[in-house]
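This report addresses charged side-chain contacts and one small piece of strand architecture. The structure is shown first, and the findings follow under short headings.

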Amino acid sequence: MDNDKINILLIGDNGASSALAKKLAKNENVGEIYVTSQNDEDWECFKKIDLRDDDLTGLLVFALENNINLTVPTSEKALKSDVVSFFQSNGQNIFGPTKNSCKIFLDNILCKKFLYRIKAQIPKFGIYNKLQLALDYLNRSTFPAIIKTAENSTLQDDRFVCTTIKSAQNFLENIFAKGETDVLVEDFIYGHDFTVYFVTDGYCAIPLNTVGNYKFLENERCGQYFDGVGCYCPDYKISEEVIYAVGSIAQNILSELDMSSSPYMGILGIECILTGENTFIVKDLKPFLQDYDATAVLNLTDDDIVKIMYSCINGFFADEYEYIKNNDYASAALCLYSKYKDKEIGGLNDLDDIDFINVKRINDKYYTKEGLNFCITKTASTLSRAKEMLNEEISDIVYDGKKYRKDVCANSSKDW
């Protein structure tokens with residue numbers, strides 16, 4: 001291997017790491033790419049390593065022994081372990097936020113309190129540690145209502161949109177029975193879900209792209225509320241005025257974190273709901289690209305991702321970048337789920353467009369696990385064509401219990 005090339009370690013057993021690895025593999029300056037993946041995918045563009053995302057000593061030893069030049073944590077587990085501070089204290093180049101700077105991103109309740117403190121426009125909410133107090137609040141509220149636990153769950157069973165007091169009571173009783181000590185109850189806001197992603201060195205935030213989000217597995221606004229089950233990028237519904245306004249919120253977030261001696265470096269996602277032509281509500285914060293939209297965003301990024309990361313690490317980002325270059329293409333992405341486990345998946349034709357999240361692989365065949373299995377992304381010259389390609393790909397994939405949000409591929413004036 002060329003000694004001048006950059007070796008990269010991605011810490012994250014998720015679709016975002018897979019997406020980033022495929023993007024980086026196209027960079028002529030990148031050498032070996034290693035990913036802490038326990039999944040059963042088989043890619044030529046990166047090597048899997050058998051290390052946990054929170055095994056700090058093991059990861060550092062691996063980085064030193066394999067001449068890793070750049071490390072990128074993509075999973076919440078890695079960020080919670082504070083791998084960024086650990087690597088920084090050992091002289092390693094790492095692109096991502098420290099545990100202190102991103103803790104508000106990883107806890108629903110801390111996030112809502114923080115957004116309230118910086119005076120972002122957010123839904124009406126309440127935080128409760130007793131079942132009856134939460135029910136009293138809901139009895140005075142209008143429905144639907146969103147109920148969330150404190151920490152985000154990888155199982156995505158920690159949030160629910162309830163349409164009646166009875167459904168809210170059942171969900172609350174269930175999560176309190178599991179040992180939850182605090183719950184967040186907030187108004188459900190009708191509108192268009194979108195995310196603006198920024199790259200930041202902790203002081204300057206530059207938009208990476210906009211994403212239109214789908215949050216429910218069924219085409220109804222109730223029930224289990226996901227981080228995302230599909231998306232398209234860029235989000236043509238979002239005006240420059242809205243992007244600028246969301247950028248002002250990003251700067252407020254960075255200023256507040258910097259004043260608390262916790263500067264945030266990395267990718268910052270601000271999830272919002274568009275409620276009018278140029279009006280929106282801030283809903284959530286994300287510390288990296290999400291599994292369902294990572295490839296959609298990265299396929300449209302023309303700037304050198306590695307150079308951008310190094311620029312942030314070395315403190316030159318604000319001087320070297322006024323904007324991040326994107327191409328004129330469009331992406332559409334869709335998550336596929338399974339009702340059952342151990343069902344053979346047929347028709348996986350173009351693996352380059354697939355980010356495996358939770359599958360089994362036996363003798364070159366793939367099998368389902370119950371729940372979310374993988375995300376498919378198609379990129380084309382127009383969004384309509386990307387959706388057509390996505391629909392064609394999904395039609396070829398066959399397995400028992402296949403579930404997905406069917407209207408994501410629809411070309412219509414309404415995309416939610």
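## The sheet of β16, β19 and β18

Strand β16 pairs with strand β19 (residues 365–368) in the antiparallel sense, over two bridges. Within this pairing, E344 has Y367 of β19 as its bridge partner. The model described here is predicted.

The two strands belong to an open, three-stranded sheet with the order β16-β19-β18 and antiparallel pairing. Because β16 and β18 (359–362) each have a single partner strand, they stand at the edges, and one side of each is left without a neighbour in the sheet. Strands of a sheet pair through backbone hydrogen bonds, in either a parallel or an antiparallel arrangement.

## Salt bridges between distant parts of the sequence

The count of salt bridges in the model comes to 17. One of them joins D355 to K22, with 2.9 Å between the closest N and O atoms. D355 lies in strand β17 (residues 354–356) and K22 in helix α1 (residues 15–24), so this pair ties together parts that are 333 residues apart in sequence. Both partners fall under the 20% limit for burial: D355 has a relative accessible area of 0%, and K22 one of 11%.

A further salt bridge links the side chains of K378 and D353, at 2.6 Å from N to O. K378 is part of strand β20 (residues 371–380), whereas D353 sits in the loop between β16 (344–345) and β17, so the contact ties together parts 25 residues apart in sequence. K378 counts as buried at 7% relative accessibility, and D353 is likewise buried, at 15%.

## A salt bridge within helix α13

Where do the partners E388 and R385 lie relative to each other in helix α13? They are three residues apart in this helix (residues 383–396), and are therefore separated by about one helical turn. Their salt bridge has its closest N and O atoms 3.3 Å apart.

Are these two side chains buried, exposed or partly exposed? E388 is partly exposed, with a relative accessible area of 38%, and R385 also counts as partly exposed, at 33%.

## A network of shared partners

Salt bridges can also be followed from one pair to another through shared partners, as with R159, D227, D284 and K286, which are joined in this way into one network.

Key. Residues are numbered from 1 along each chain as its sequence is written. This is a predicted model: local features need pLDDT of at least 70, side-chain atom pairs count only at pLDDT 80 or more; totals for chains, interfaces and linings use all residues. Side-chain values use heavy atoms; hydrogens and water are left out. A salt bridge is a side-chain nitrogen of Lys or Arg within 4 Å of a carboxyl oxygen of Asp or Glu. Helices (H or I, at least four residues) and strands (E, at least two) are DSSP runs, numbered from the N terminus. Buried means under 20% relative accessible area, exposed over 50%, partly exposed in between (1.4 Å probe, protein chains only). Two strands pair if DSSP finds at least two bridges between them.
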